[in-house]
Protein chains: 2
Amino acid sequence: MWTKLDRIQRDIEELAKFNSTPGRGLTRFSLTAEDRAARNYLKKELLGCGLKVFEDAAGNLTARREGLLQDAPVVMIGSHFDSVKSGGNFDGPAGVAAALETVRVLSERGIDTLYPIEVVAMIEEEGARFGASLYGSRAMAGKISVAQLKDRKDSEGISMFDALKNFGFRPEDIAAAQRLPGSIKAFLELHIEQGPLLESEGLDIGIVGDIVGIQDLIIKLIGRQGHAGTIPMHLRADALNAAARVIAKISDLAVAAGEGTVATVGWLSVKPGGFNIIPGEAEFSVDIRSGKQAHVDTVTQGIADFLQEMTQGTGVQFEMTSLMKVEPVRMSAGIVAIETACCEKMGLKSRIMSSGAGHDAMVMADLTDVGLLFVPSLAGRSHCPEEWTDYGQLQKGVEVYLHTVMELAEAQL
Amino acid sequence: MWTKLDRIQRDIEELAKFNSTPGRGLTRFSLTAEDRAARNYLKKELLGCGLKVFEDAAGNLTARREGLLQDAPVVMIGSHFDSVKSGGNFDGPAGVAAALETVRVLSERGIDTLYPIEVVAMIEEEGARFGASLYGSRAMAGKISVAQLKDRKDSEGISMFDALKNFGFRPEDIAAAQRLPGSIKAFLELHIEQGPLLESEGLDIGIVGDIVGIQDLIIKLIGRQGHAGTIPMHLRADALNAAARVIAKISDLAVAAGEGTVATVGWLSVKPGGFNIIPGEAEFSVDIRSGKQAHVDTVTQGIADFLQEMTQGTGVQFEMTSLMKVEPVRMSAGIVAIETACCEKMGLKSRIMSSGAGHDAMVMADLTDVGLLFVPSLAGRSHCPEEWTDYGQLQKGVEVYLHTVMELAEAQL
């Protein structure tokens, strides 16, 4: 392999030092001292590869490696380097390390590419400080306004606008962070899977074919509150009992839809919530995800039908409200083909899969062709201190990533 | 009928005036100005029937009508006259009015009884002020100590001991409120059903055969928390999904046990409770009630078996904890027979049923033979301003009550 495991490991371990909660997982919020220190580490490494380093008005760190073509669109590579609170060392940094190792290899081997390459390390992808998730890529897509920056505040009431300003950026020029369609040839991201699929199937690489569509619902069941002792079973309209039957059905519907379709009830509230009171109201969330919109729609319709059927003649009424609907985003078929060929050539076990979580690549798909590679997560765990990816596995992913970038940027070997 | 509807209605309506939340249901907490006013009304009415009125050390109001036998045990009749917050006019007062009308009829008809009769109007049955539910009857059963009176405090921090003292009672002599076994021949209570069974079956009278046994459980399901998008359905250990299947099963088990067995999940908590997080933990309450202990045990065991079976090999673990267990209390078969005969003679439609809620009669069963009569509740509603019983229906209940008391006290006609 052209990539070096020790360098990748060092990048991950060094970045993990810039952490406001040592011993309790990794916490690196945007525009903090830890952000600054991580940024300085990355700048030094990128400068060491001979790249020109700059930062955009949004606060993203970027570094450019010129290609042989003049004024050609850029192959953009990277991920984010912020984290959730008490998260792990890999979510984001794995993709930044992949991009960094890629330009290192190209530089040490003196490989020229026709198209320029830009490494990007984005901030606030998690939204953990300002609640502005996918912020860095959304700024590149021209979807962040000055008003939004002033509106978004952290837990101490500091606006994102002020935080950017105090950090040395020019938030008033946020529009300048926008990249124009046509200026980017492709965007390639490597990320940890954050799920157990690759590990459970003994695979090395997940080639993302699509980022799932999401339908978020709120379902409210309204029954008749009553005394737990005095109302016979056949005269009840128990809202929680009805909710329980719907919740069991929802997972059955997702399994029936198949092809990786998932549905989750993560939140539930019961009123009045007394030990000896038949619930008069139960409200819960539903999150349905699938790479195919048809499956999302089938599950949604199946829930609506079941609600209708199950509540008929029971005295329980229901309300079903759509909170959010996002269509699936497809990765570029051309990039998927390159990634697949790389894996085959290297003898790596891979599969095409859906990404169940959103990533910067999803937003970048508005601007250009995108590709997204997954490496296995130990026990599928993420957003917690136990988040882990074996360094050997990570290196395999970075190697596929490197060769995909070389293909996209048309490396001259 | 010997009883008079207008007098019963007047009792209910007059007592309803002693209310601290007019326009928002009836609120009459123990040892308040409203309690004093209701007590004064009852004293006047009881004195008007020629009874000797006294109050015990616990604060219960009682009135004695002598019998022809010397030193004979007393037939005790009555119910409570306190209320929940913003409750209705009938829960408690209906039974006090029944006892009052009974001695009125005996007095106006000059009917002597062999056994003395004691009317009792109890306080703090609901426990709404001091959280000491069934207090009046528990004091008679010798189950209230001075220490408990000092310990129980209302929402303003006033102890029940001080409240009794300030009201003019002698809480230091609480032990004197105890009645000795053998001193009471029988206790008879009339109460509103607080459930919809009688109304739904078109019945006039519920003859309570037993007060249900209660098993309260807490069930905790522990799964694996995870991202709602990244974990395929077949690799999940979703605690709420498992809970939903148990909750649906619980009601099925209660229905299968039959004979009025009920089971209620009234409270449920999900952790962490995020829209896009597979729940790692779900905890809920179970309240099982039946007149037959065997049914309570069958449902409890059925839940345990289902938990075992359903969680096997899923990665979900469970804990099931018993919080409270109360055995069913049987009403006297002799009194049930008298009540049944009365209903038949009067051509009233009745049934023997379980009481799903606790009543003073349950506590008095420790001391003597008890009987409990139910009259229908409109739509089964109680503990709310809408609580209602048709006065004509109430009168039918009082008429059965009167004749049952006459039988028990051996009226000399």
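## Briefing: a two-chain predicted model

L323(B), M324(B) and V326(B) make up a nonpolar surface patch that offers about 230 Å² of accessible area in total. Patches here are built from residues with over 30% relative accessible area and no salt bridge, joining like charges within 9 Å and nonpolar side chains (Val, Leu, Ile, Met, Phe, Trp, Tyr) within 5 Å. The accessible areas come from the Shrake-Rupley method with a 1.4 Å probe, and for residues only the protein chains shown count as cover.

This is a predicted model, so local features need pLDDT of at least 70 and side-chain atom pairs count only at pLDDT 80 or more, while totals for chains, interfaces and linings use all residues. Residues are numbered from 1 along each chain as its sequence is written, chains are lettered from A and ligands numbered from 1 in the order in which they are written, and side-chain values use heavy atoms, with hydrogens and water left out.

**The patch residue V326(B)**

- V326(B) sits in strand 14 (residues 317-326) of chain B; helices (H or I, at least four residues) and strands (E, at least two) are DSSP runs, numbered from the N terminus.
- V326(B) is partly exposed because its relative accessibility is 30%, with buried meaning under 20% relative accessible area, exposed over 50%, and partly exposed in between (1.4 Å probe, protein chains only).

**Salt bridges**

- Over all chains, the structure has 56 salt bridges, each being a side-chain nitrogen of Lys or Arg within 4 Å of a carboxyl oxygen of Asp or Glu.
- As background, side chains of opposite charge can pair when their charged atoms come close.
- E14(A) and K17(A) pair up through their side chains at 2.9 Å, N to O. E14(A) is partly exposed at 23% relative accessible area, and K17(A) is exposed at 56%.
- D35(A) and R39(A) make another salt bridge, at 2.8 Å from N to O. Both residues belong to helix 2 (residues 33-48) of chain A and sit 4 residues apart, about one turn of the helix. Both are also buried.
- Over in chain B, K143(B) and D366(B) form a salt bridge with an N to O distance of 2.1 Å. This one ties together distant parts of the chain, 223 residues apart: K143(B) is in the loop between helix 4 (135-140) and helix 5 (146-151), and D366(B) is in the loop between helix 11 (360-364) and strand 17 (369-375). K143(B) is partly exposed, at 41% relative accessibility.
- There's also a network in chain A: shared salt-bridge partners join R7(A), R10(A), D11(A), K44(A), E45(A), E101(A), R104(A) and E108(A).

**Where chain A meets chain B**

- Each side brings 51 residues to the contact: 51 from chain A and 51 from chain B, where contact means heavy atoms within 4.5 Å.
- About 4,000 Å² is buried between the chains, with carbon and sulfur atoms giving 66% of that; buried area is the accessible area (1.4 Å probe) that two parts lose on being put together, summed over both.
- On the chain A side, T230(A), M233(A) and F275(A) lose the most area to chain B, together 18% of what that side buries.
- The chains share 2 salt bridges. R245(A) and D252(B) form a salt bridge across the interface, their closest N and O atoms being 3.1 Å apart.
- There are 16 residue pairs in polar contact between the chains, both residues at pLDDT 80 or more. A polar contact is a pair of N or O atoms within 3.5 Å; within protein, one must be able to donate a hydrogen and the other to accept it, and residues adjacent in sequence count only if both atoms are side-chain atoms.
- Several elements of chain A supply at least two residues each to the side touching chain B, among them helix 7 (197-201), strand 8 (213-222) and helix 8 (239-257). Helix 8 of chain A gives the largest share of that side, 10 residues.

**Three buried residues**

- P376(B) is in the loop between strand 17 and helix 12 (391-408) of chain B, and is buried at 8% relative accessible area. Its C-alpha atom is 7.4 Å from that of P196(B), 180 residues away along the chain. Beyond neighbours within four places in sequence, the contacts of P376(B) include E193(B), L198(B), W388(B) and Q393(B).
- S79(A) lies in strand 3 (residues 74-80) of chain A and is buried, at 0% relative accessibility. Its side chain makes a polar contact of 2.8 Å with that of E189(A).
- M160(A) is in helix 6 (residues 160-167) of chain A and is buried at 1% relative accessible area. The C-alpha atoms of M160(A) and E189(A) are 25 Å apart, with their positions 29 residues apart along the chain.
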